[in-house]
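Trainee: I would like a close look at a single part of this protein. Please take the helix packing, and put it in the setting of the whole chain.

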Amino acid sequence: MTTPDIRDLNRRAVDYSVEIVGHLTPDHLERPTPCAAWTVADLLAHMTVQHRGFAAAARGNGADLDVWKVQPLADDPVRDYADAAAEVTAAYDRPDILDRLFDLPEFGPGVQAPGSMALRAHFIDYVVHGWDIARALDLPYRLADDFVEPALEITLMVPTGEARTTAQSAFAPELTVASEAEPLDRILAYLGRNPSWPN
């Protein structure tokens, strides 16, 4: 895959999500999101624990299911989210991270992946979750120009078909968009998001 340093792309995607979450107020927590049946509070709890789970996996402790368990939001969920984001980017900041083996039980029992693949998964998750939270808060969202090629490549690696219809699937079945659609819309639709949500 032709890509700039995935660690840098990932850090910037995560930092952008922190910027977006920074606009959150308590009044936003019960708003709906593009993630079916999830409120902003649900989405933020998921995003927070995923950072901590991937950080634990980067440190060699990802097989511990407790690190992936969603927790109630902290008293200051914005600060807690920023702390979790800083934790995962710090955990990725080591020379051998792309070659380390990550335990990722969220993807299935006993699943392991090299760091290079784990960081790609984390990157695309936060490209999409950044958009999710921005839409829920009625904020603009821009896909950075140098995110386009790697984000599309990673997105197209995600399997489609019946696997997307199970409760365990991280993404809903893909949606159809026009061939000339913007790259972000193509990414969102492929991963089961309606780019024009909530319409």
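Mentor: What follows goes from the whole chain to two helix contacts, and then to a few single residues.

The model is predicted. The protein chain contains six helices and two strands, and along the sequence these elements come in the order α-α-α-β-β-α-α-α. The radius of gyration is 16 Å, close to the 16 Å from the globule rule for 199 residues, so the protein chain is as compact as a globular protein of that length. Along the principal axes, the C-alpha atoms fill a box of roughly 40 × 40 × 35 Å. Of the 199 residues, 44% count as buried. The exposed surface of the protein chain comes to about 10,000 Å², of which carbon and sulfur atoms supply 52%. As for contacts between residues at least 6 apart in sequence, 67% of them join residues at least 24 apart.

Now the helix packing. Helix 1 covers residues 6–21 and helix 3 covers residues 77–91; their axes lie 10 Å apart and make an angle of about 175 degrees. An angle over 145 degrees counts as roughly antiparallel, which means that helix 1 runs roughly antiparallel to helix 3. On the helix 1 side, the residues in this contact are Arg11, Val14, Ser17, Val18 and Val21. They meet Val78, Tyr81, Ala82, Ala85 and Thr89 of helix 3. Sorted by class, this contact of helix 1 with helix 3 has seven nonpolar, two polar and one charged residues.

The second contact pairs helix 4 with helix 6. Their axes come within 11 Å and cross at roughly 100 degrees. Angles of 65 to 115 degrees count as roughly perpendicular, and helix 4 and helix 6 are therefore roughly perpendicular to each other. Helix 4 brings Ile124, Val128 and Trp131 to the contact, where they meet Leu184, Ile187 and Leu188 of helix 6. The residues of this contact divide into six nonpolar, no polar and no charged.

Helix 4 spans 115–136 and helix 5 spans 148–155, and arginine 142 sits in the loop between them. Arginine 142 has 52% relative accessibility and so counts as exposed, the cut-off being over 50%. In sequence, arginine 142 is 126 residues from tyrosine 16, yet their C-alpha atoms are 9.6 Å apart in space. Aspartate 138 also belongs to the loop between helix 4 and helix 5. Its phi is near 60 degrees, a positive value in a residue other than glycine. Because its relative accessibility is 56%, aspartate 138 counts as exposed.

Alanine 37 is in the loop between helix 1 and helix 2, the latter being residues 40–58. The phi of alanine 37 is near 70 degrees, positive in a residue other than glycine. With 79% relative accessibility, alanine 37 counts as exposed.

The last item is beyond helix 6. Proline 198 lies in the segment after helix 6, which is residues 183–190. The peptide bond that joins tryptophan 197 and proline 198 is cis, with omega about 10 degrees.

To put the two contacts side by side: helix 1 is roughly antiparallel to helix 3, whereas helix 4 and helix 6 are roughly perpendicular to each other. The contact of helix 1 with helix 3 includes one charged residue, while the contact of helix 4 with helix 6 has no charged residues.

Notes. Residues numbered from 1 in each chain as written. Predicted model: local features only at pLDDT ≥ 70, side-chain atom pairs only at ≥ 80, totals over all residues. Heavy atoms only, no water. Axes fitted to C-alpha atoms, helices over the stretch in contact; angles between N-to-C directions. Helix = DSSP H or I, 4+ residues; strand = E, 2+ residues; numbered from the N terminus. Parallel < 35°, antiparallel > 145°, perpendicular 65-115°, else oblique. Contact = heavy atoms within 4.5 Å. Nonpolar A, V, L, I, M, F, W, Y, C, P; charged D, E, K, R; others polar. Rg over C-alpha atoms; globule rule 2.2 N^0.38 Å. Buried < 20%, exposed > 50% of the residue type's maximum accessible area, 1.4 Å probe, protein only. Areas by Shrake-Rupley, 256 points an atom, 1.4 Å probe, with all protein chains shown as cover.
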